[in-house]
Amino acid sequence: MSTPSKLYPKKIDLTNCDKEPIHLLGQVQSHAYLFVIDALKKQLVRVSENVFNLLSRKREDIHTISLEDIFGSTAGTINTHIEGKNTQAIEVEVKEKRYVVITHYKEDLIYIELEPIVAQAEAHIVQRQLSDIITDLSQAITVSGMCDKTANLIKELTGYDRVMVYKFDQNWNGTIISESRDVALESWLGMHYPATDIPQQARKAFLTQGVRIIADVKSKTAAVYPELNEQGFPLDLTNCESRASSPIHIEYLENMKVGATLTAAIISNGNLWGLIACHHYSPKFINYYQRQTIKFLTQVFSTQLTLRSSNEVLTRINATVATRTKLVEQMSDGWDVHSGLTEKTTSMLSITEATGGAIFLENKISTVGETPASEDILDLVDWIYNSQMGDTYTSHNLTKEYDKGKAFAKMASGVLCVFIAKGEKDCILWFKPELKQVISWGGNPEKAVVEEGKRLTPRKSFAKWNQEQVLTSLPWKDYEIASAQALRTSISNIIISRYQEVKELNDKLKEAYKELESFSYSVSHDLRSPLRGIDGFAQIIKEDYFESLDDYGKNAIQTIIDSTSKMNTLIDDILAFSGIGKDQIAMGVFDMQELVGEVLQFLQLDKKYNNNTIEVEGDLPKAYGDRGMIFQLLSNLIGNALKYSHTEENPTIYIGARRDESPAVFFIKDNGIGFNEAHKEKIFGVFNRLVKDEFEGSGIGLAIAQRVVDKHKGTIWAEGKVDQGATFYFQLPIR
Amino acid sequence: MKGFIVSVEDNANDCALMRRIFEREMPLVKIHILEDSLTALAWFQSFKDVKNTPDLILLDIKMPKLDGLSLLKEIRKIELFTNSPIVIMSSSDQLSDRDKAYAYGANSYLEKPKSYTELKEMLPVISNYWLTLNK
């Protein structure tokens, strides 16, 4: 452990001023007097050096100085005040001058600060000022309007030469976004200041302290006596109103030719949003009451700001709700998230101000607008994912963290990435282009620190220094991030319901197949048995009574026997089909022309459908598949075509192929009863017959066709209109 | 070929065809056809003629009330028939039925012929096997 005296670094310069313990500097500004009483010992333990002058006492007498010695007749009041740990400011007279007494308490120490009262405003004036503040600020419509009003009000209330509203960016660089100044002064509006100008521990102090002044940059400060206590510690001046600033800050102000300052913190949602910074070019003291007024003002400002920013965010998020709803509709249509976000009338770009968007889902990338190439997006997603930066990543200068981003910085210097599910790379991304713009710095920010002799000092020049900002986009706004996150939620909901839908379909399909199998099973039993009866008794007639029959009778018996045999073959086919689910399919190249011929022969055209005209295109392409199964497929499709057209006047069937597609698409076209286009998905279902009972059929024909094609991983579809015929197409993949 | 065959078959057509085939092709074989599975069970359970147990039992598989497989299970519980040859004549090609049949103690599982002609070929073959060759 280092000893307390070593806490204060020997050499403080701009390289380590972030570490400067500004609350332990042991100096107060000379306009104030500091008394520190040990509450346990009831004894004065420390004072600012100027106290000895004020009271005409010697340093060694410090412990003997009593409250009466300081406050005379009002000592009793002060005593009651501090015994009650009161913090309200009270006024006293010391050595014929009026002071305001400011007290605070830390551990066992009582801090009493005396500040002179100068030019105190009348109570009713203060009252009016306060009500002005509230009315003015709440009337301002925009944040920038509010800033302007604030700057003007403070200028009016305090009379500083220049009043500025200073806003921090994400990197703690500051910009002057509003200014009220004496006309003679050059405007600093829009100037940028590097983060080093207000170091981290100063920003931290602002969070608790609120308003601070430096009354006279040039005046000597009064040291705290004794510097170290009996335990060897310097005095903690964190909450002292009159705490002196760091010498580096003073040097900075001197370089800027500033004589006095006031700074007030603007806090929004618990974070330091910005500062109200007042500069005066000669010494200027603002008394406690005025500072309280400013403090009140900044509090009103902070509240209004928080309110307004969240209102702005809310308004904008609400504005994107309708768009998001539209996107969700688009995505739900066919459950296609990719096309829903990128191909339809409303794209994912419309919920942000981005100019490019991408979605990475199920190993597929879709983009809209100006985006990097797909492989670049993939790399970027990998990098963001592996950097484990949570479910949302934003950057408006990507190349700072991601060097490969330089390749596409032009269209994507800004990136907003939202991951859809934990532990998955699936995400949605938005891109903003590089926006080259000129930034005016209050002095060259790269030379915020200059080496002078052997010492680093703050820069001397605050002249406007223009810098071209590159590889940077417009920042991402809160509402953009919020609506991106909201979209993410919608997408994951869609994915979940899509998954469920697919699962349900699968279950239904499984059930249908099961049904089909049990159907086939019962067919095999229930049809076989009566058929065996027909066959058997026909055979018996043939065996025992054939000779007693005339030719017609003989023929009839033979026809019965032949027909039952064909019927048995048909049952075999259905049984074979029900076995499709189990058996391996035997793939091979076969002659489609030949197969169609066989099917036509099988279907007994001359007997049942003798009025149908059947045209078969010549030279049908060869096909690849399980010939036996394709036979089933064709006999079902051609059989249907015959069945549903033979009641027409000139039933015509055309069997052909579209050779412009690869592999060729085969089709069977008829001029029959057709079907309602709205049911075109349904017709392939098991037992989904859409026709009247006048057409015989089991209702599994097209289900069988569909199943055969599915087994081949091919596709089958239909076109048709009621009473205007139907065309069935199928395509079998080559491999 | 001589012997005693019991067949359980609920389809009247099939029964008639079977009867005719036995009469015509195997006149010396005694065929007893039970046309209902419950009646059949009762017949088996009350069978007392120890010296004249059937040489072969043919069971259809898909029957209402009591299916062939359950009937098979019940028949095997009867001491007299624990070792009688039982052949399942099934119109089902489902592997699960075949496995069950063997598990319940069937001696053979055959697919029922599709046509009269096939049946006429098949019945003498199985009868010959169980009544003569495997006696």
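Me: Which residues of helix α2 of chain B are buried?
Reply: The model is a predicted one. In chain B, helix α2 spans residues 37-45. Seen down the axis of α2(B), the buried residues fall within an arc of 100 degrees, so they line one face of the helix. These residues are B:Ser37, B:Ala40, B:Leu41 and B:Phe44.

Me: Why can residues a few places apart in a helix point the same way?
Reply: Position along a helix also sets direction around its axis. Residues three or four places apart point the same way because an α-helix has 3.6 residues a turn.

Me: What covers the buried residues of α2(B)?
Reply: The cover over the buried residues of α2(B) includes both strands and a helix of chain B. Among the elements involved are β1 (3-8), β2 (29-34), β3 (56-60) and α3 (68-77).

Me: At the start of α2(B), which backbone nitrogen does a side-chain oxygen of B:Asp36 reach?
Reply: B:Asp36 stands at the start of α2(B) and uses a side-chain oxygen for this approach. The oxygen comes to within 2.9 Å of its partner, the backbone nitrogen of B:Leu38.

Me: How many residues does each chain bring to the contact, and what area do chain B and chain A bury between them?
Reply: Chain B brings 20 residues to the contact and chain A brings 18 residues. B:Arg20, B:Lys62 and B:Lys114 supply 33% of the area that chain B buries against chain A, more than any other three residues. Of the area buried between the two chains, 47% is on carbon and sulfur atoms, and the total is about 1,800 Å².

Me: How many salt bridges are there between chain B and chain A?
Reply: One salt bridge pairs A:Arg532 with B:Asp14, whose closest N and O atoms are 2.7 Å apart. Nine residue pairs are in polar contact across the interface of chain B and chain A. The count of salt bridges between these chains is five.

Me: Which helix gives the most to the side of chain B that touches chain A?
Reply: On that side of chain B, α1 (12-25) and α5 (116-133) each supply at least two residues. By class, the side touching chain A has four nonpolar, seven polar and nine charged residues. With six residues, the helix that gives the most is α1(B).

Me: Is A:Ser268 buried or exposed?
Reply: A:Ser268 lies in strand β12 (residues 260-268) of chain A. Beyond four places in sequence, A:Ser268 touches A:Trp273, A:Leu305 and A:Thr306, and a polar contact of 3.3 Å joins the side chains of A:Ser268 and A:Thr306. Because its relative accessibility is 10%, A:Ser268 counts as buried.

Me: Which residues of helix α13 of chain A are buried?
Reply: Helix α13 of chain A covers residues 592-602. Its buried residues cover an arc of only 140 degrees around the axis, which puts them on the same side of α13(A). They are A:Met592, A:Leu595, A:Val596, A:Val599 and A:Leu600.

Me: Which residue takes a positive phi just after α13(A)?
Reply: At the start of α13(A), a side-chain oxygen of A:Asp591 reaches to within 2.9 Å of the backbone nitrogen of A:Gln593. Just after α13(A), a phi of about 55 degrees belongs to A:Gln604.

Me: What is the relative accessible area of A:Pro621?
Reply: A:Pro621 is in the loop between β24 (613-616) and β25 (623-626) of chain A. Leaving aside neighbours within four places in sequence, A:Pro621 is in contact with A:Met592, A:Ala657, A:Arg659, A:Ala664 and A:Phe666. A:Pro621 is buried, and its relative accessible area is 18%.

Terms used: Residues are numbered from 1 along each chain as its sequence is written. Chains are lettered from A and ligands numbered from 1 in the order in which they are written. This is a predicted model: local features need pLDDT of at least 70, side-chain atom pairs count only at pLDDT 80 or more; totals for chains, interfaces and linings use all residues. Side-chain values use heavy atoms; hydrogens and water are left out. Buried means under 20% relative accessible area, exposed over 50%, partly exposed in between (1.4 Å probe, protein chains only). Helices (H or I, at least four residues) and strands (E, at least two) are DSSP runs, numbered from the N terminus. The arc is that of the directions from the helix axis to the C-beta atoms. Contact means heavy atoms within 4.5 Å. A polar contact is a pair of N or O atoms within 3.5 Å; within protein, one must be able to donate a hydrogen and the other to accept it, and residues adjacent in sequence count only if both atoms are side-chain atoms. Buried area is the accessible area (1.4 Å probe) that two parts lose on being put together, summed over both. A salt bridge is a side-chain nitrogen of Lys or Arg within 4 Å of a carboxyl oxygen of Asp or Glu. Ala, Val, Leu, Ile, Met, Phe, Trp, Tyr, Cys and Pro count as nonpolar, Asp, Glu, Lys and Arg as charged, and the others, Gly among them, as polar.
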